Amino acid sequence: MRVLVADRQQQSAEYLVEDFQELFDELSSQMKIDALCGGCCSCATCHVYLDEPEVAVPAEDQEKEVLEGLIHHRDNSRLLCQLEASQDITELKIQIAPAE
């Protein structure tokens with residue numbers, strides 16, 4: 001899938017990845033997200049906003065609890081480490097949320 005990512009400095013970059021895990025790994029290695037917990041759904045340092053939230057499987061209770069405690073929480077907030085596609089995605093826009 002083609003993912004256009006706007007980082008915290010509002011710089012955009014395009015990524016061609018197979019899935020959200022690959023995107024998580026790529027953004028983490030480039031230090032665009034901190035990923036302090038390594039993808040365990042506990043630190044929220046991979047908090048993103050999805051332009052099309054319906055393309056992802058709905059958040060589970062643990063992710064919802066983490067998101068609800070964030071200052072910058074929005075209706076389209078998700079943790080990148082928890083995203084799983086609910087359909088085939090060819091293109092998607094993601095914005096990395098401000099640091100908490």
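Modeller: A residue is called buried when its relative accessible area is under 20%, exposed when the area is over 50%, and partly exposed in between, with a 1.4 Å probe and protein chains only. This is a predicted model, in which local features need pLDDT of at least 70 and side-chain atom pairs count only at pLDDT 80 or more, while totals for chains, interfaces and linings use all residues. Residues are numbered from 1 along each chain as its sequence is written, and side-chain values use heavy atoms, with hydrogens and water left out.

Colleague: Which strands are the edge strands of the sheet?

Modeller: Helices (H or I, at least four residues) and strands (E, at least two) are DSSP runs numbered from the N terminus, and two strands pair if DSSP finds at least two bridges between them. Here five strands make an open sheet of mixed pairing, in the order S2-S1-S5-S3-S4. The strands that pair on one side only are S2 (12-16) and S4 (77-79).

Colleague: In which sense do S3 and S5 pair, parallel or antiparallel?

Modeller: Strands of a sheet pair through backbone hydrogen bonds, and both senses are possible. Five bridges join S1 (residues 2-6) to S5 in the parallel sense, with Leu4 having Lys93 as its bridge partner. On S3, Leu50 has Ile94 of S5 as its bridge partner, and Tyr49 stands opposite Gln95. Over three bridges, S3 (residues 47-50) and S5 (residues 91-96) run antiparallel.

Colleague: Which residue in the turn of the hairpin formed by S1 and S2 has a positive phi?

Modeller: S1 and S2 pair in the antiparallel sense over five bridges, and one of the bridged pairs is Ala6 with Ser12. The two strands form a hairpin with five residues between them, and a positive phi of about 65° is found in the turn at Gln10.

Colleague: Along S5, which side chains point to one face and are buried?

Modeller: The side chains of this strand alternate between two faces. Glu91, Lys93 and Gln95 point to one of them and are not buried, whereas the buried side chains on the other are Leu92, Ile94 and Ile96.

Colleague: Which element gives the most residues to the largest nonpolar core?

Modeller: A nonpolar core is a set of buried Ala, Val, Leu, Ile, Met, Phe, Trp, Tyr and Cys residues joined through side-chain atoms within 4.5 Å. The largest one has 29 residues, and those with the most contacts inside it include Phe20, Leu80 and Ile94. S1, H1 (20-29), S3, H2 and S5 each give two or more residues to this core. The element that gives the most, with four residues, is H1.

Colleague: Within what arc do the buried residues of H2 fall?

Modeller: Contact means heavy atoms within 4.5 Å, and what covers the buried residues of H2 includes S3 and S4. The face turned away from this buried side carries the exposed residues Asp61, Glu65 and Glu68. The buried residues of the helix are Glu63, Val66 and Leu67. They line one face of H2, because the arc, taken from the directions from the helix axis to the C-beta atoms, is 95°.

Colleague: Why does Cys40 form no bond with the closest cysteine sulfur, and at what distance does that sulfur lie?

Modeller: A disulfide is a pair of cysteine sulfur atoms within 2.5 Å, and by this rule the count comes to zero. Cys81, which is buried at 13% relative accessible area, has its closest cysteine sulfur in Cys46 at 3.7 Å, too far for a bond. Cys40 counts as exposed, with 51% relative accessibility. Its closest cysteine sulfur belongs to Cys37 and is likewise too far for a bond, at 5.1 Å.

Colleague: Is Ala35 buried or exposed?

Modeller: Most residues other than glycine have a negative phi. Met31, in the loop between H1 and S3, has a positive phi near 60° and is exposed, with a relative accessible area of 70%. Ala35 lies in the loop between H1 and S3 and has a positive phi near 50°. At 13% relative accessibility, Ala35 counts as buried.
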